[in-house]
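Visitor: I am new to this structure. Could you show it to me and walk me through its parts?

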Amino acid sequence: MSTLNIFLTIAAGVSAAVWIYFLLFRGRFWRCAERLDKHLEEPARWPVVTAVIPARNEGPIIESTLTTLFDQDYPGELHIILVNDESSDDTAAAALKAAKASGADRFHMEFTGERPGGWVGKMWALNTGVRAAKVLVPETKYLLFTDADIAHSTGNLRDLVKKAESQGLDLVSLMVLLQCGQGWTRLLIPAFVYFFQKVYPFSWVNNARRGTAAAAGGCMLVRKNALEFAGGLEKIKDEIIDDCALARVIKRGGPIWLGLTTTERSVRPYAGLKEIWDMVARTAYTELNHSPGVLFATLAGMFLFYLLPPLAFLLWPLHGNTPAMLLGGAGWFMSALTFMPVLALYGRSRLLAPFLPLAALLYGAMTFDSARRHAKGTGALWKGRVGAGSIDA
C-alpha cells in the first residue's frame with residue numbers, strides 16, 4: 001500500500017471515529033430533544049414581565065410581530081418597551097399603529113441616545129430598554145429580550161415563565177424557527193441550526209454542572225435580579241455574539257435553559273445564498289476569537305470530518321482503497337443520520353441529509369470570508385453600522 005493510501009486510510013479512520021463521538025458522546029446534540037414542557041405547574045402569582053425589543057429600520061414587519069406580543073394570553077402584567085434604534089424608516093409609526101390597534105395600554109417607546117464608545121448597537125439598544133424598564137416598571141421580575149422579527153405564539157410567554165418559575169432558572173431561551181422555504185435556504189438554514197447545536201449541545205447548556213453556555217437572541221426570558229447580579233448588559237457591551245455572551249455571564253450565577261420550538265418563528269426571509277452568507281460572515285470569525293490559528297484548525301477540521309468521508313467513498317474507483325472507502329462511507333452515513341432530526345424539525349426532506357458536507361463546505365467558505373472582512377474592518381456590518389448586531393439565532 002502506498003504512502004498516500006496509508007494516509008487516506010488513517011484520515012478516514014480518524015474521521016469515522018470522530019463521528020462516533022459526535023453520534024454518541026457529544027450530548028446527543030443531534031436529537032433536537034429539548035422542548036418546552038407546556039404542562040408545568042403554574043406559579044401561585046404570575047410575575048411582572050417587561051419585553052424589550054430593539055428595532056432598527058423594521059417598518060415592514062414590526063406591526064405584525066408586535067401584535068403577537070400584544071396578543072399574549074399571559075395572566076400577569078406584561079409591559080412592552082420598543083427601542084427605536086436610529087431608524088430612518090417608519091418603524092416608530094408602524095409600532096404606534098400596532099399598539100393603537102391592539103388597545104395596548106402598557107406599551108412604551110424609547111429612542112436610543114448617542115452610542116458611547118465600546119458599545120455595539122444592539123447591546124446599547126437593549127440597555128436603553130432595560131434602563132427604561134427600571135423607571136417605568138420597577139416591579140419587573142423578568143425581562144423578555146426578543147428581536148423585532150420574531151412572531152410569538154399566544155401562549156409562549158406563559159410557557160417561558162412557567163419554565164423559569166418552576167425550575168428556578170435565571171434564563172430561558174428558545175431558538176425560533178428561521179425561514180427556509182426556497183432555494184439554498186432549504187439546506188443551509190437547517191444546517192445552521194445543526195452546527196449551532198453541535199458547538200453548543202443543548203443538553204450541556206441545560207446541565208448546571210457543565211460550563212457550556214449559549215442562548216438564542218431572538219427569544220430570551222431573563223430574571224432581572226440575575227442580570228443585575230451578573231453586572232448588567234454593560235458586562236457584555238462589546239459582544240457581537242451577544243446572546244451566547246449573556247448566557248455565559250448569567251450561568252455563572254445560576255442555571256439556564258435553551259431549547260427548540262416549532263411555534264415561535266422569525267418572519268425575516270432569507271431570499272438566497274447571499275443573505276445567508278452575509279448573516280454568517282458577520283460573526284463567524286468573532287466566534288473564533290479572531291484567531292488565525294483557530295480559523296485554520298476549524299477549516300481543517302471541517303474538511304476532515306465533513307468533506308473527506310464522501311470524497312473517500314465516491315472516489316473509490318480512482319484510489320482503489322477499500323478500507324478508506326468503507327470508513328469514509330461510515331463517516332458520511334453517520335453525518336447524514338445526525339442531520340435528519342433537524343431536517344424533520346424544519347419540515348425538509350430527509351433526502352437532503354447526505355448533502356450536509358456541501359453545507360459544511362459553504363459554511364467553511366463563509367467563515368473564511370468572515371476573517372477576510374474582519375481584516376478589512378467590515379466584519380460586523382449590520383444595517384449600515386459596523387458592530388451593530390448579531391446573528392439571527
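Visitor: What is the order of the strands in the open sheet?

Guide: This is a predicted model. Its open sheet has eight strands. Their pairing is mixed. The order is S3-S2-S1-S4-S7-S6-S8-S5.

Visitor: Which are the edge strands?

Guide: An edge strand pairs on one side only. Two strands fit that description: S3 (107-111) and S5 (150-151).

Visitor: In which sense do S5 and S8 pair, parallel or antiparallel?

Guide: S8 covers residues 256-266. S5 and S8 are joined over two bridges. Ala151 stands opposite Arg265 in S8. The sense of the pairing is antiparallel.

Visitor: Helix H9 packs on the sheet; what angle does its direction make with that of S7?

Guide: H9 spans residues 242-251. This helix touches S4 (142-146), S6 (171-177), S7 (219-223) and S8. With the direction of S7, the direction of H9 makes about 25 degrees.

Visitor: How are H6 and H10 oriented to each other, roughly parallel or roughly antiparallel?

Guide: H6 (residues 185-199) and H10 (residues 273-281) pack with their axes 10 Å apart. The angle is about 20 degrees. Angles under 35 degrees count as roughly parallel. H6 and H10 are therefore roughly parallel.

Visitor: How many residues in the contact of H6 with H10 are nonpolar?

Guide: H6 brings Thr185, Leu188, Ile189 and Phe192 to the contact. H10 brings Leu273, Ile276, Met279 and Val280. One residue of the contact is polar and none is charged. The nonpolar residues number seven.

Visitor: What is the handedness of the crossing of H6 and H10?

Guide: These are the two helices that pack at about 20 degrees. The crossing of H6 and H10 is left-handed.

Notes:
Residues numbered from 1 in each chain as written. Predicted model: local features only at pLDDT ≥ 70, side-chain atom pairs only at ≥ 80, totals over all residues. Heavy atoms only, no water. Axes fitted to C-alpha atoms, helices over the stretch in contact; angles between N-to-C directions. Helix = DSSP H or I, 4+ residues; strand = E, 2+ residues; numbered from the N terminus. Parallel < 35°, antiparallel > 145°, perpendicular 65-115°, else oblique. Left-handed = near helix turned anticlockwise from the far one by under 90°. Contact = heavy atoms within 4.5 Å. Nonpolar A, V, L, I, M, F, W, Y, C, P; charged D, E, K, R; others polar. Pairing = 2+ DSSP bridges.
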